[in-house]
Amino acid sequence: ALADATFVAHWNHRDYVNHPLILPGCHVPCPACQFSPAAVAKVFPDGLPAERQNEPYFGFGNYRWAERDAFLGELQREFRPVFFGNVIDYFRQPLEDRLRTWAERKAHIVVPVANDLSMRVWEALLTGQIPLVPTDVPDLDLIVPRDLQMALPILRYEPYSLDSLRAACAQALARFDAEGAAGVQRRHAFARDHHS
């Protein structure tokens with residue numbers, strides 16, 4: 001009740017902030033927070049690289065209480081994690097090192113904590129990656145129309161389905177390889193101009 005208005009980042013999970021004395025504001029999705037366009041330009045003055053590893057970016061804080069925990073265990077057996085576990089240790093790494101690690105991969109696996117549209121979607125795009133997002137993240141369709149999702153692309157997979165994720169990964173690699181540097185620049189420009 002200390003707020004005059006609320007502006008929720010996760011539209012799908014907004015009901016808990018309803019209060020008769022607080023004005024409900026509009027949806028303001030999380031932007032890219034880890035990396036800025038200026039940081040990308042400083043680390044990559046000649047543009048983001050198009051030569052990258054096929055292994056998707058897979059790195060998560062391990063929140064034991066989250067429903068996704070069992071699926072992350074499956075992913076650990078399928079993919080080599082960039083990091084897994086202590087988020088504080090991850091953020092102790094220099095920003096430039098983290099940014100270079102993201103820019104080494106073509107695709108990025110997104111596994112939300114609670115059907116939320118994570119800022120990592122925008123950070124993946126900002127670094128030129130193709131995000132792989134579950135179909136049960138409804139806020140993405142509110143922010144990025146389906147035709148634009150396909151053009152960037154942002155690819156979807158069935159939640160907690162390793163087979164569906166494998167198919168999305170294969171599609172992401174084919175799209176990345178077909179579009180190369182032009183696709184990297186398109187994704188970066190979209191996140192730079194709209195979500196940073």
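Guide: Let's start with a term: a crossover counts as right-handed if, with the strands pointing away from the viewer, the path from the first strand over the helix to the second runs clockwise. Keep that picture in mind as we look around this model, which is predicted.

Visitor: Which elements make a right-handed β-α-β unit here?

Guide: Strand S5, helix H5 and strand S6 form that right-handed unit. The helix in the middle, H5, spans residues 120-126, while S6 covers residues 130-134.

Visitor: How do I read the sheet, and what is the order of its strands?

Guide: The general idea comes first. Strands of a sheet pair through backbone hydrogen bonds, and the pairing is either parallel or antiparallel. In this case the sheet is open and has 3 strands in the order S5-S6-S7, with parallel pairing. S5 and S7 are the edge strands, as each of them pairs on one side only. On average, neighbouring strands of this sheet are turned by 30 degrees against each other, direction ignored.

Visitor: How many bridges join S5 to S6?

Guide: There are 3 bridges between these two parallel strands. You can find two of the pairs in the structure: His 108 has Pro 131 of S6 as its bridge partner, and Ile 109 has Leu 132. On the S7 side, S6 again pairs in the parallel sense, over 3 bridges, and there Pro 134 has Tyr 157 of S7 as its partner.

Visitor: Which way do the residues of S6 point?

Guide: In a regular strand the side chains alternate between the two faces of the sheet. Here Ile 130, Leu 132 and Pro 134 point one way from S6, and Pro 131 and Val 133 point the other way. With 5 of its 5 residues buried, S6 is largely enclosed by the rest of the structure.

Visitor: Now a helix. Which residues of H4 are buried?

Guide: In H4, which runs over residues 95-102, the buried ones are Arg 98, Leu 99, Thr 101 and Trp 102. Look down the axis of H4: these buried residues fall within an arc of 160 degrees, so they line one face of the helix. They pack against helix H1 (37-43), helix H3 (87-92), strand S5 (107-109) and helix H5 (120-126).

Visitor: Let me try a charged residue. Is Arg 156 buried or exposed?

Guide: Arg 156 has a relative accessible area of 17%, and the cut-off for buried is under 20%, so Arg 156 is buried. You will find Arg 156 in strand S7, residues 155-157.

Visitor: Which side chains make a polar contact with the side chain of Arg 156?

Guide: There are two to look for. One polar contact, of 3.2 Å, joins Arg 156 to the side chain of Asp 141; another, also listed at 3.2 Å, joins Arg 156 to the side chain of Gln 149. Leaving out residues up to four places away in sequence, Arg 156 touches a longer list that includes Val 133, Pro 134, Leu 140, Arg 146 and Ala 168.

Visitor: What about backbone features? Where is there a cis peptide bond?

Guide: Look between Leu 152 and Pro 153, where omega is about -10 degrees. Pro 153 sits in the loop between helix H7 (146-151) and S7.

Visitor: And which residue has a positive phi although it is not a glycine?

Guide: Asn 115 has a phi of about 60 degrees. Asn 115 lies in the loop between S5 and H5 and, at 29% relative accessibility, is partly exposed. Tyr 160 also has a positive phi of about 60 degrees. Tyr 160 is in the loop between S7 and helix H8 (162-194) and is partly exposed too, at 34%.

Visitor: Let's finish on H8. What does His 188 touch?

Guide: His 188, a residue of helix H8, is buried at 9% relative accessibility. Beyond residues up to four places away in sequence, His 188 touches Val 40, Leu 48, Leu 125 and Leu 126.

Visitor: Which residues is Leu 162 in contact with?

Guide: Leu 162 is also in H8, and at 14% relative accessibility Leu 162 counts as buried. Setting aside neighbours within four places in sequence, Leu 162 contacts Phe 71, Glu 74, Leu 75 and Glu 78. Sequence separation can be instructive here: Leu 162 and Leu 75 are 87 residues apart along the chain, with their C-alpha atoms separated by 7.6 Å.

Key: Residues are numbered from 1 along each chain as its sequence is written. This is a predicted model: local features need pLDDT of at least 70, side-chain atom pairs count only at pLDDT 80 or more; totals for chains, interfaces and linings use all residues. Side-chain values use heavy atoms; hydrogens and water are left out. Buried means under 20% relative accessible area, exposed over 50%, partly exposed in between (1.4 Å probe, protein chains only). Helices (H or I, at least four residues) and strands (E, at least two) are DSSP runs, numbered from the N terminus. The arc is that of the directions from the helix axis to the C-beta atoms. Contact means heavy atoms within 4.5 Å. A polar contact is a pair of N or O atoms within 3.5 Å; within protein, one must be able to donate a hydrogen and the other to accept it, and residues adjacent in sequence count only if both atoms are side-chain atoms. Two strands pair if DSSP finds at least two bridges between them. Axes are lines fitted to C-alpha atoms, for helices over the stretch in contact, and angles run from 0 to 180 degrees between N-to-C directions.
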